[in-house]
Amino acid sequence: MFLRFLSKVGRLGAFALVCAIVTGASYAQDSKNLAPGFTARPANSKLVILPADMELFSISAGGVQEPKADWTQSAVKHFKEGLDKRKGLLGSNVMDLAERDLDEMAEINALHGAVAQSVFLHHVLSVAKLPTKAGLLDWSLGDSVKPLKTKTGADYALFIWVRDTYASSERKAAMVVMALLGVGLAGGSQLGYASLVDLNDGRIVWFNDLRRVSGDLREAQSAQETVDALLKGFPVSQ
Amino acid sequence: MTEAMKKFFAVLLVFSLVACTSIVKVDGEQTIRNRMSLKLADAWNKVQLPNDRQPFDVWTQEGLTVDTLRFWAAVPHRGELVRAPSGSVPQGGKATRVPTFVTGMEPDQLVSLFETMYSSDGSSVTINKVEPTIFAGEKGIRFEFSVLRKSDDVQLLGIGWVAVKKEELFAATFLAPKLSFFSRLRGKAESVVKSAQIKG
Amino acid sequence: MLTRRGMLGSVCKQCLGISAFTQAPMALSQTSSEPAANSAPVLPGRFERPRIDTEEGGLWGMMDREEAKLRRSPFVIRDLALTKYVQDIACRLAADHCPDVRVYLVRTPLFNASMAPNGMMQVWSGLLLRVENEAQLAAILGHEIGHYLERHTLERMRDMKNRAAFAQLIGLFGLVGALGQLGVLSGMSAFSREQETSADRAGMRLMQSAGYDGQQAARVWDNLIGELKIKGGENAGSRSPLMASHPPAATRRDDLMRLAGDKSGESGATEFQKATALHKITWLQDEIKRGQYEESLVLFDRLIGQNPVDAQTLFARGEVYRQRDDKDDLQRSIEDLSRAAQIGNPPVEVFRSLGLIYKKQQDSTLALQSFEKYLAAAPEAADTSLIKNYITDLKP
């Protein structure tokens, strides 16, 4: 059943993404990405990184999005390596939450997903801002994060979500042909966010998004670049 | 459709709507569709969706994917509580039934309307409490419910208020995630609802 | 057919028993010239996990992640006994592939089941409510296993890619292009219909081989036609909308009857009823909550026709009549609810519903009686304070 939607939604997804990218205005990075009053994590604070929710797709010539497990697996691997290379940024007191431990944390993870979507929709994009937030990154999961703190002993949790599409070579060829005929076809794109949650009070203290038509998680070097883009402005511990 | 795909494109669909969505701050005295007045102690965010054909207004504190406060005012006899997406109906076939208010409906039937409305996307809804109340100055019904949201597995808690005056329905529902958000935000929602008054 | 097998074979270099794979599914899904009774289906060997860099590997990988999420979902019915019951049926049908099949029961009030290329199988509670016995359930599971064994998801994805590319090119050329697009895409539907028919054949062989009555597979579709006609109109059973990816229900029913032949088998009605007994009232209530009264009535009429003394289904139908409240509905409701009340162990909501009807009809005595029975049986019900108010109002 799901395949029936792939070709339809591929085009829709591309359009929507273009809209989202086009409407995203430029903004002062730092204040927008940080919760009011937050600048850095305390020295020696512990960080837990949750398994990244990542899917990579290839877009065929006709716009069909095809999941690529090897790419996703590479992406997860390269992303992890990329994170490791940024020890200076992440700090020395870092742990990874195992995939199987997500089973226990399912409710918190689902809740964070819903809140992160609202942050993306209402804070990152400039066209649907919530006036009561006054342009501030002011969201909190409250005491719902307690079980995660209890389990890991961490002070902060990093959530990562990435959906990447890449134009296959046939797609790229089709793009050229269509461009000659005056039809613009969307190529690949990256959509994602990184969210840092304070496990002591549930606040989202830092949030960064990724919306672009470049970036490549499939190779180590270019994946590093994506990691850096996603972690741009990540608060250090000091 | 796989869940990941659904969620991904649900997000993108929301983004594509976003280009034409406007959100305004509402504060102080507000009126729903000229027929129900409210006095706000806190500011809320009122969302105007594109091609807005829905018979309810929707407000939020933390965002559309987190909490929603909906209002219905002066829904007439045979008025729908929610408009279904339009589509053609095959010859001799019936359109999907949509929760519709009919005069003379008993309290339990009114509650069923909302139960059906929140179930329509595949979510699982349970009514936990039903009791008489005064809403918007009229004898009405207050109900508490839970929703297990199909699209992202989030568990939500909700409160609803409904009353009928002169064959017109007035109602409000507040829904927020069970973890942390519902208890944090319900006071604000309840305060707005308590101030409701029917006009005209 | 041969070309497709060849294509799949070439992709699946890492799979075990490649020759068995390319031959066996044909035996599975083609109607044999021998009487079905004499030949057990020859299944392909167990699938090895495809290499991650293949198309198939991509699908598997994504399905694995989907499965991890499904496993955590609160929609999964976590009744071990019921899950084991369905898992065991799937296991028997899948034979050597049993270790690769993982069943998840999902609480959603619609008729659906699916199987992913990585062995993850989903069955929705709406389906469990609608099938009448174990053989009908086996027919559906067998059909899904048929898709799995023949790797249809992968084929479909490939085919769609080709057609989408072609359609896009044609689309450039205006109206002619648009019609061409329609033709190409409805061609894709035909391809899917082929797969569905193939899976039906495969499912039939699997279920008969496991000792089930093959005619029950036809009954599944016959039973659905009534419900389909509500939204789909009179022709719903016999016609497919242009882009339908499944053959029309009536065609499937007829084809399955032919495939079943004369071979006898078990239907397993008692086992099925026992296994699902604890959940039935929940599934009935989920169906009522859909608010699609006409479809629910067709379903409940059928279930009651099968078992006229089932208090739960009688309650469900009575409740739908009460909620719909069209001409004569309240009378029909009272009949169903009263009958349910007389049978042993009716759901306690029977008395609530009766009370509400009598109250509406201003029959205070009967209303009071029913409400009091309800409260006595369900002191913790959600609407006790509302009902208590009614009782106070009704008392002389």
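A nonpolar core here is a set of buried Ala, Val, Leu, Ile, Met, Phe, Trp, Tyr and Cys residues joined through C-beta atoms within 7 Å. Keep in mind that this is a predicted model.

**Exercise 1.** Find which residues touch the most other members of the largest nonpolar core, and see what feeds that core.

*Solution.* Start with the core itself: it has 182 residues, and Ala157(A), Leu93(C), Ala138(C) and Met207(C) touch the most other members. Next, look for the top contributor, which is helix H5 (residues 106-124) of chain A, with ten residues. Then turn to chain C: domain 1 (51-260) and domain 2 (278-394) each supply at least three residues. Finally, zoom in on Leu93(C). Skipping neighbours within four places in sequence, Leu93(C) is in contact with Ala138(C), Leu141(C), Gly142(C), Ile145(C), Leu206(C), Met207(C) and Ala210(C).

**Exercise 2.** Work out whether Gly88(A) is buried or exposed.

*Solution.* First, place the residue: Gly88(A) belongs to helix H4 (residues 87-90) of chain A. Now count: 8 other C-beta atoms lie within 10 Å. The cut-off for exposed is 12 or fewer, so Gly88(A) is exposed. As an extra, check the C-alpha atom of Ser237(A): 149 residues away along the chain, it's 9.1 Å from that of Gly88(A).

**Exercise 3.** Describe the contact between chains C and B, taking the chain C side apart.

*Solution.* Chain C puts in 29 residues and chain B puts in 31 residues. On the chain C side, H3(C) gives the most, with four residues. Sort that side by class and you get nine nonpolar, nine polar and eleven charged residues.

Notes: Residues are numbered from 1 along each chain as its sequence is written. Chains are lettered from A and ligands numbered from 1 in the order in which they are written. This is a predicted model: local features need pLDDT of at least 70, side-chain atom pairs count only at pLDDT 80 or more; totals for chains, interfaces and linings use all residues. Two residues are in contact if their C-beta atoms, placed from the backbone, lie within 7 Å. Helices (H or I, at least four residues) and strands (E, at least two) are DSSP runs, numbered from the N terminus. Ala, Val, Leu, Ile, Met, Phe, Trp, Tyr, Cys and Pro count as nonpolar, Asp, Glu, Lys and Arg as charged, and the others, Gly among them, as polar. A residue is buried if 20 or more other C-beta atoms lie within 10 Å of its own, exposed if 12 or fewer, and partly exposed in between; C-beta atoms are placed from the backbone. Domain bounds come from an automatic or database domain assignment.
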